[in-house]
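Here are my notes on the model you sent round, jotted down as numbered points. Have the viewer open while you read.

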Amino acid sequence: MRDAVRELLDAVDGRSDAMERAATTLLDCIDAGGVVHTAGAGHSVAMVCETFYRAGGLAAVRPLWDPEVVPLDGALRSTAAEREIGRGRTLVEKAAPAAPDVVVVFSTSGRNPYPVEIAQESAARGVPVIAVTSLAASAGATDRSGSRVADHADVVLDTGVPPGDAVHPADAPRTSAVSTILGAYTWSALLAQLHRKAGERGSVLPLWTSANVPGGDEHNAELFARYSERIPELTAGIG
């Protein structure tokens with residue numbers, strides 16, 4: 001399994017042109033005062049968590065999520081919800097992203113209506129879309145929406161996750177899913193590229209600091225003040 005994962009990670013590193021374009025797209029958004037909206041369904045919700053309020057992560061990130069697509073409180077329900085026509089579009093209409101914002105959609109198969117509609121509706125609003133998806137998995141997945149997330153994206157970051165997600169045993173894969181590993185690595189690699197480009201441009205990235213290190217709370221307080229109005233999830237349930 002280790003060799004299989006390493007090969008897939010190396011392939012992500014090899015797609016440097018797309019990573020460069022994605023980093024430029026994010027930096028243009030941040031420099032213009034925009035917000036990066038991140039979305040996913042099922043286990044891709046883990047990627048949304050990875051982008052939001054994360055030590056070392058961007059503060060200018062708003063999670064786009066619907067409780068119905070989270071499997072922790074109903075697995076069968078969540079599967080049905082991400083196949084429901086109109087749910088993704090409604091979520092975008094409610095969040096109302098607008099230029100200079102960016103929308104990042106995580107979806108390994110890229111075929112269910114929920115993530116496809118999020119990408120499609122965002123693009124229709126003139127908002128750049130970055131798709132973090134697997135072109136191989138998408139090609140082999142059941143078509144439930146008539147198009148793929150990648151079809152509506154300005155930049156596609158291909159994770160290369162194989163159809164079915166599993167990679168072990170090598171001769172007949174049945175276990176050891178890799179989509180979370182590759183999705184998290186792709187996002188971290190994108191942040192590293194973004195940091196490099198910000199340095200070249202002379203931009204200052206709004207990055208969270210761990211609340212468990214000295215000065216962390218004080219540093220983060222400024223970011224809460226800066227972004228709480230645009231990202232209500234930062235202070236939801238307080239007051």
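1. Some ground rules before the details. Buried means under 20% relative accessible area, exposed means over 50%, and partly exposed is in between (1.4 Å probe, protein chains only). By that scale Tyr-53 is partly exposed, with a relative accessible area of 43%. This is a predicted model, where local features need pLDDT of at least 70, side-chain atom pairs count only at pLDDT 80 or more, and totals for chains, interfaces and linings use all residues. Residues are numbered from 1 along each chain as its sequence is written, and side-chain values use heavy atoms, with hydrogens and water left out.

2. Stay with Tyr-53 for a moment. Its phi is positive, near 50 degrees, and it is not a glycine. Tyr-53 sits in the loop between α3 (45-51) and β2; helices (H or I, at least four residues) and strands (E, at least two) are DSSP runs, numbered from the N terminus. Ala-96 is another non-glycine with a positive phi, about 50 degrees, and its place is the loop between α5 and β3. Ala-96 is partly exposed at 40% relative accessible area. As background, most residues other than glycine have a negative phi, and most peptide bonds are trans.

3. On that last count, look at two prolines. The bond from Ala-99 to Pro-100 is cis, with omega near 15 degrees, and Pro-100 lies in the loop between α5 and β3. The bond from His-168 to Pro-169 is also cis, with omega near -5 degrees; Pro-169 belongs to the loop between β6 (166-168) and β7 (175-177).

4. Aromatics next. Searching the whole structure gives five aromatic pairs, where rings of Phe, Tyr and Trp (its six-membered ring) pair if their centres lie within 6.5 Å, and planes under 30 degrees apart count as stacked, over 60 as edge-to-face and the rest as tilted. Phe-106 and Trp-187 have ring centres 6.1 Å apart and planes at 65 degrees, so this pair is edge-to-face. The two residues are 81 apart in the chain, with Phe-106 in strand β3 (residues 102-107) and Trp-187 in helix α8 (residues 179-201). Phe-106 is buried at 2% relative accessibility, and Trp-187 is buried at 3%. Ring pairs also join Phe-52, Tyr-53, Trp-208 and Phe-224 into a cluster.

5. How does the length of α8 hold up? The 23 residues of α8 should span 33 Å at 1.5 Å a residue, and the end C-alpha atoms are 32 Å apart, which agrees; the expected span is 1.5 Å times one less than the number of residues. Buried residues of α8 include Leu-182, Gly-183, Thr-186, Trp-187, Leu-190, Leu-191 and Leu-194. An α-helix has 3.6 residues a turn, so residues three or four places apart point the same way. Right after α8 comes Gly-202, with a positive phi near 80 degrees.

6. If you want somewhere to look for space, the largest pocket has a volume of about 750 Å³. On a 1 Å grid over the protein atoms alone, a pocket is an open set of points with protein on both sides within 12 Å along at least five of seven lines, a cavity is a set where a 1.4 Å probe fits but cannot get out, and lining residues have an atom within 4 Å of a point. Grid points are joined across faces, edges and corners, and a volume is the space filled by probe spheres set on the points. This pocket has 34 lining residues, with His-43, Ser-44, Thr-108, Ser-109 and Asp-165 nearest its centre. Elements that each supply at least two of its lining residues are α4 (75-82), β3, β4 (129-133), α7 (135-140) and α8.

7. The second largest pocket holds about 180 Å³. Its lining includes Arg-62, Trp-65, Asp-66, Lys-94 and Glu-233, and α5 gives the largest share, four residues.

8. There is one cavity of 30 Å³ or more, with a volume of about 50 Å³. Among the residues lining this cavity are Val-12, Arg-15, Met-19, Asp-158 and Thr-186. Thr-186 is also on the list of buried residues of α8.
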